[in-house]
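Trainee: Please show me the model, and let us go through it by question and answer.

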Amino acid sequence: MRLRLFGRVGLLRGDGATVELETRKVALVLAVLGLRPGKPYGRQTLADAVWPESDPDAARASLRVALSSLRKALGTDSGAIVTDRIECSLDPESATSDTGEFFAAIRGARVGGGTSVEHLERALGLYSSKPLEGLDGPWVDWARGLLRKRADEARELLLEALMQAGKTEKAAQAGLEAMERQPGSEKIARYAISALVGLGRAAEATEAFERLRDHLWKRHGVAPAADIARILPSKTAAPPPMTERAHLPVALGRMVGRDSELQRLLDVLSPGSAQDRLVTVFGAGGLGKTRMLIEVAQALSPRYQGRVAWVDLTSIRDANQIVPNALSAMGLRPIAGQLSRIEADLGSPPYLVVLDNLEQFGAEAQAPIESLLAAHRSLRVLASSRHKIEIEGERVFPLEPLATMGPEARTIPAVELFMDLAERNRPGIQWSDEVLESVTGLVQALEGLPLAIRLAANRADVLSASEIRQQVSDRFALLREQDNSQPERHRSLWASIEWTYKLLPSAKLFFAQVAQFPAPFTLDHCRAVTDEPAALEMAQVLVRRSLLSLEDTPTGSRYRMLESVREFGDRVLEAEDRSRLVRRYVEHYATWCDARADELYTDGADNAMRLLAAEEPNFRQAFEWALEDVPRLGLSIAYSVATYFDGCGRYWDAIAWLDRAEEKAGGDVDPELLAGVASDRAQCYVRLRRPKEAVSALERQIGLMDKVPPRTKFNFFTSLGSASLMAGESHQALAHFRAASEFAREVNLVEVYAPAASNEALAHLMLGELDASEAKANEAKELAERSARRASLGSSLYTLAHVALCRGDVPRAMERCKESVRVLEEGGLNAALSGRLTFLSELHCAVGRFEEAIEYLTRSVDRLVRAGMDRDLADCARAAGSFCHATGAQRQAVEFLSFYERYLDGSFVGRSLADTRKTVPELLAELRRALGKAAFDGAALAGRAWDLRDIPEKVAALTLPEPKRLQA
């Protein structure tokens with residue numbers, strides 16, 4: 001199989017046939033895998049590259065469908081796509097690509113020897129100016145850039161190889177062609193001009209030099225390197241003189257990962273651009289603001305004809321000294337009255353004043369800068385600061401940390417910066433995939449902060465990347481140096497943050513308090529925990545001082561703090577202040593979680609789930625503090641969030657939190673809370689299909705029933721009924737449900753009438769008492785409609801669907817189940833939808849409507865993957881088994897159903913039907929007879945080896961059988 005990525009994407013199978021791909025997204029999946037055959041991609045990385053516009057769960061689901069489509073299109077070559085639960089790749093033994101050969105040729109050339117020229121010519125022969133034609137998206141842009149960059153490097157290597165081999169004529173020709181493609185490359189121009197001079201073609205060499213000079217001047221405002229001009233013969237006319245640069249600081253080394261920010265600043269500040277007269281590069285300490293200003297000043301100096309003044313304000317503490325220092329940098333005498341004559345002295349051409357490190361002056365910097373701007377109409381100011389200057393007309397350029405994620409480790413800006421700096425400290429360092437993986441983890445732990453990366457890279461001569469990564473937990477001890485050439489605040493991460501902290505006009509205590517939030521937080525939580533009436537004003541101070549940043553999320557605006565800043569704030573909080581804050585924090589989240597738990601039983605359940613998901617790291621902190629300080633509140637938090645964990649399918653998390661908290665609380669527990677904990681723990685065991693543990697958990701606490709209110713009794717006996725039902729004790733379950741209903745009626749708990757009747761209907765259904773089940777389900781339906789309880793309405797309709805099915809009325813069952821889906825969707829109650837969709841899939845399969853069956857099954861799997869409800873994927877395996885059996889795919893049916901049976905671990909199957917008549921054990925017995933023992937046992941063994949996470953991909957691979965097969 002051969003893949004073509006240069007030009008329009010194309011694919012040839014091993015048999016020579018051209019493969020037609022269904023969609024551009026499928027082609028893009030193949031392109032990502034084929035860029036470098038054999039290179040593995042993580043599933044999430046691959047999904048994000050192809051579907052950057054989708055959320056991660058939707059992208060993974062789309063990837064599964066695309067891989068299935070790709071395998072189908074490849075036919076006998078489908079084995080070239082190698083996948084497991086973690087990674088995907090293209091087998092280099094089965095598939096080749098022109099880009100893979102391109103990279104291999106360049107690697108071969110770098111090995112050296114007499115074949116270097118051959119390799120490079122082959123690489124450039126493969127390269128097209130329009131790779132991946134017909135595709136678009138962020139990954140495509142990145143891949144084109146990578147291929148273009150490698151082609152540029154290949155041209156440079158080819159010229160070097162030709163010159164070394166003495167092939168001057170060929171080098172001159174190749175050099176002129178390369179200059180057309182890369183007109184600004186001084187390296188290529190140097191080889192081309194040298195070759196032309198060596199051949200005695202001085203006029204062509206001069207013309208090539210002038211093209212290079214004109215390009216660099218127009219694009220970048222700089223002259224070619226002096227050594228290039230010296231290559232020309234002495235009788236050749238010298239290049240015209242360039243304007244001398246102003247005296248500006250020179251940065252050692254290159255700036256990494258800031259190309260887009262640099263270009264935006266150059267566009268805004270270039271002479272003739274829209275006149276933003278004050279531009280402030282704003283951000284936290286250690287982001288590289290000074291480095292950015294140096295780069296901008298150096299690039300703009302030729303465009304301003306050298307009229308750029310650099311003013312370093314690091315050592316100045318008096319705002320009155322800003323103007324005198326600026327005048328001195330501009331070559332003017334800082335004397336009284338000079339400002340009034342500044343325009344006359346400097347003339348009308350534009351002038352740029354760069355003020356570095358303004359943050360120490362605060363609001364006092366406003367008046368001096370305003371006076372500078374007022375004194376000269378064409379004067380502009382570029383400043384760096386950790387806070388905004390807040391002058392009218394100020395344009396702020398926030399500087400963010402470097403990106404720490406990307407499709408290829410070497411091209412991630414933060415990784416690239418670490419590599420560049422580490423190589424200076426340890427020349428010859430080898431960047432294997434394992435080392436790059438450690439570096440990627442390191443820069444992510446350092447949050448892409450350039451100062452932190454520089455300080456970490458300074459340890460590369462004594463520690464490996466993985467060792468540095470391991471020591472980042474003590475970042476303030478690790479990230480420091482004794483380089484006296486650096487300002488004090490740049491010698492350690494601690495000093496950098498401390499500089500900003502000391503400059504806070506107020507809010508020092510507030511800063512240390514909000515640093516206790518381990519994750520982004522809202523203003524309401526901030527007010528409650530800090531007990532600060534002016535929380536909004538305090539937060540604004542921290543945002544303007546770059547200690548906090550504001551971000552918009554699906555649950556509203558949240559404040560985020562860098563981990564290093566948060567750790568600094570945690571350390572400066574006094575013990576007494578910490579003690580008071582911890583108590584307020586725990587009490588607040590105990591109350592807040594309790595309120596969200598109540599909402600989980602209303603039509604606002606989905607919103608409550610989203611809020612709990614966003615706050616999980618914060619209430620987890622409250623839970624841990626409570627276990628140390630107030631175990632009773634820890635148990636209250638665990639009880640409140642158990643329903644949230646239940647809704648996410650994280651049943652073991654719920655059980656673990658409840659067990660830890662109950663053990664810590666000991667005897668200091670209210671009976672009502674203890675009974676509620678037992679109910680929640682049992683409910684989780686029911687979800688895990690472990691009814692014995694559920695019943696045992698409840699029976700241990702049944703003696704509490706005389707000490708708890710009716711609502712708690714109702715919940716307790718409802719859980720006991722559910723556990724009994726799962727254990728196959730339907731009569732006992734019905735008795736428990738009836739007891740729960742009696743408790744509700746005794747004290748007129750109207751809000752639970754509908755769910756109580758719905759539970760009894762389900763128990764009657766399990767007993768085969770269809771008339772009683774239908775009557776109770778209709779009663780529950782009427783109660784739910786009167787009380788507007790959509791969850792109960794959806795449950796009663798679902799039970800009625802099963803009753804209809806048991807009576808053989810499949811159309812009625814479909815109608816009722818669709819009503820249940822509609823009710824739940826309208827109420828935003830998504831947690832139960834997957835079961836309904838799976839059931840609809842089985843119903844459509846039973847009547848031969850296979851397209852609809854696949855559609856509903858796929859929707860069900862997609863919802864389960866999004867919600868992380870792995871346990872219910874087993875039910876999808878049962879539905880997939882129904883589909884395979886109905887369409888004649890007997891071996892696949894055995895695999896799916898054997899997996900389902902193993903996962904149930906012998907538990908009660910109930911009346912879920914595999915083909916609307918047979919239960920799973922009966923259907924498997926029929927398949928054993930049809931396939932024979934050997935084939936059946938092989939398929940069953942394969943199915944039992946599956947994992948829950950295999951089901952989404954295997955469901956996505958289901959396809960409709962051929963029409964002839966259906967007729968048979």
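Mentor: Begin with residues 964-968, where pLDDT (the predictor's confidence in each residue, from 0 to 100) stays under 50. This is a predicted model, so local features need pLDDT of at least 70 and side-chain atom pairs 80 or more, while totals for chains, interfaces and linings use all residues. Residues are numbered from 1 along each chain as its sequence is written, and side-chain values use heavy atoms, without hydrogens and water.

Trainee: How many contacts beyond four places in sequence does the model have for residues 964-968?

Mentor: A contact means heavy atoms within 4.5 Å. For this stretch, the count beyond four places in sequence is six.

Trainee: Which element of the protein has the lowest mean pLDDT?

Mentor: Helices (H or I, at least four residues) and strands (E, at least two) are DSSP runs, numbered from the N terminus. The highest mean, 94, belongs to helix α23 (residues 523-530). The lowest, 44, belongs to helix α45 (residues 963-967).

Trainee: Which strands stand at the edges of the open sheet of five strands, and why is one side of each left without a neighbour?

Mentor: Strands pair if DSSP finds at least two bridges between them. The order is β8-β9-β10-β7-β11, with parallel pairing. Each edge strand has a single partner strand, so one side has no neighbour in the sheet; these are β8 (308-312) and β11 (394-398).

Trainee: Which residue in β10 does V353 stand opposite?

Mentor: Strand β9 (residues 351-356) and strand β10 (residues 379-385) run parallel, joined by five bridges. Opposite V353 in β10 stands V381.
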